[in-house]
Amino acid sequence: MFKINDNFCKLSESYLFSEVARRINAYKAAHPEADVIRMGIGDVTLPLCEAAIEAMHSAVDEQAYGASFHGYGPEQGYPFLRDAIAENDYRARGIEIADDEIFVSDGAKSDTGNIGDILAQANRVAVTDPVYPVYVDTNVMGGRAGLISEDGRWSDIIYLPVTADNGFVPAFPVEVPDVIYLCYPNNPTGTTLNRSQLKAWVDYARRNGSLILFDSAYEAFIRDEDVPHSIYEIEGAREVAIEFRSFSKTAGFTGVRCAYTVVPKELYGTDNKGNKVSLNHLWLRRQCTKFNGASYISQRAAAAIYTPEGKAQTREAIGYYLRNADILREGLREAGLEVFGGMNAPYVWIKTPAGMDSWAFFDMLLDRCHVAGTPGSGFGPSGEGYIRLTAFNTYENTLEAVRRIRNAQL
Ligand SMILES: *Cc1c(COP(=O)(O)O)cnc(C)c1O
């Protein structure tokens, strides 16, 4: 009789977004006249930029003729894209990254989830709390999380609380983790680490022999000089960090699918005999075995983001979302709410007033303002008492949401 992977049974049903949808639908059924503005979505809304569209059209045309047809490509991505990434995202910023340290993929969600394949099950994993749920759930599947307790924490995961109390900067835990997930600019809090705060974590990882898995899916939203665009801006990070990036939020590719992971050649792990093993080599082996490359059309679209037109057009789209984030952040502050994030990120993280819990504030915003957010508690125990609103809406809806919240005098 075959057996399943028992670890999957430990996972609770992902209840957050279905419960949000259920409450919105129930509210709309009871109040058909209500024009609900959805500010819970973590998906982009603007169409793809012209440069990407043109590149995709010509890539499609190439597929129509035997002479220019592309079948399987290199598992780690086409040289034209790996080179454009290394050149524009790294070398142009003075960061030494070689083309063969770049691994193109179909998403940062799959890469951050799959990276566990090359790491021992015995590793102790740390995540910030609140957190992007993928890091936790994939470690549950991989048998690294232990058992879940009443308060929603996994017994073998080390939680790094990030709240208003510590300015959303994770402190070093008592127990030293082997693997540390950091996501900056952060989803869900919309906060960042400055250069010295990120350096402290790189130094910590070097001292302790830990691996940092650095998710910078929101890098394109950074405008402050003191916020690093890449963890490799920090000295010594090449020996301790893997970086994940995606075209999803950078260029609206959530439906196109293209991302990449950087695994530097100085990065070594230890096997159970104490030998040093290259992670770049292991990840190449993993990708070549389990992945057959992102589509040629997606990779052509991604490469077009690095042309002068592509850069200008994506910067404009990001600017549109950042303007929404400004309106939310400042407007909600004027409405008397305590608001965090939303500076170099498309998310604002709002403290619920008068100690309400996340779901109670969600219901109140929905009922009194017809604005739907995402309850902070859905991202981890330390997200309790917060709600997330996103800038991925129209400018007009963003203004209207702020107007309603201000008038409601919550
Ligand atoms: C949106 C997002 C990603 C991007 O995932 P893709 O699979 O590339 O679309 C990665 N990490 C975080 C934290 C995100 O919010």
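1. A good place to start is the ligand: 14 residues surround it, and the closest are Asp215, Tyr218, Ser246, Ser248 and Lys249 (a residue is near a molecule if one of its heavy atoms lies within 4 Å of it). Please keep in mind that this is a predicted model, where local features need pLDDT of at least 70 and side-chain atom pairs count only at pLDDT 80 or more, while totals for chains, interfaces and linings use all residues. Residues are numbered from 1 along each chain as its sequence is written, and side-chain values use heavy atoms, with hydrogens and water left out.

2. The shell around the ligand holds six nonpolar, four polar and four charged residues; Ala, Val, Leu, Ile, Met, Phe, Trp, Tyr, Cys and Pro count as nonpolar, Asp, Glu, Lys and Arg as charged, and the others, Gly among them, as polar.

3. Now for the polar side chains. Tyr218 places a polar side-chain atom 2.6 Å from an oxygen atom of the ligand, and for Asn187 the corresponding distance to a ligand oxygen is 2.8 Å. An N or O atom in the side chain of Ser246 is 2.6 Å from an oxygen atom of the ligand. The protein buries 93% of the 390 Å² that the ligand exposes when taken alone (accessible areas by the Shrake-Rupley method with a 1.4 Å probe).

4. Elsewhere, β11, β12, β15 and β14 form, in that order, an open antiparallel sheet of four strands (strands are DSSP E runs of at least two residues, numbered from the N terminus, and two of them pair if DSSP finds at least two bridges between them). Its edge strands are β11 (338–341) and β14 (374–375).

5. Five bridges join β12 (residues 347–351) to β15 (residues 386–390) in the antiparallel sense. Across this pair, Lys351 stands opposite Tyr386 of β15.

Conventions. A polar contact is a pair of N or O atoms within 3.5 Å; within protein, one must be able to donate a hydrogen and the other to accept it, and residues adjacent in sequence count only if both atoms are side-chain atoms.
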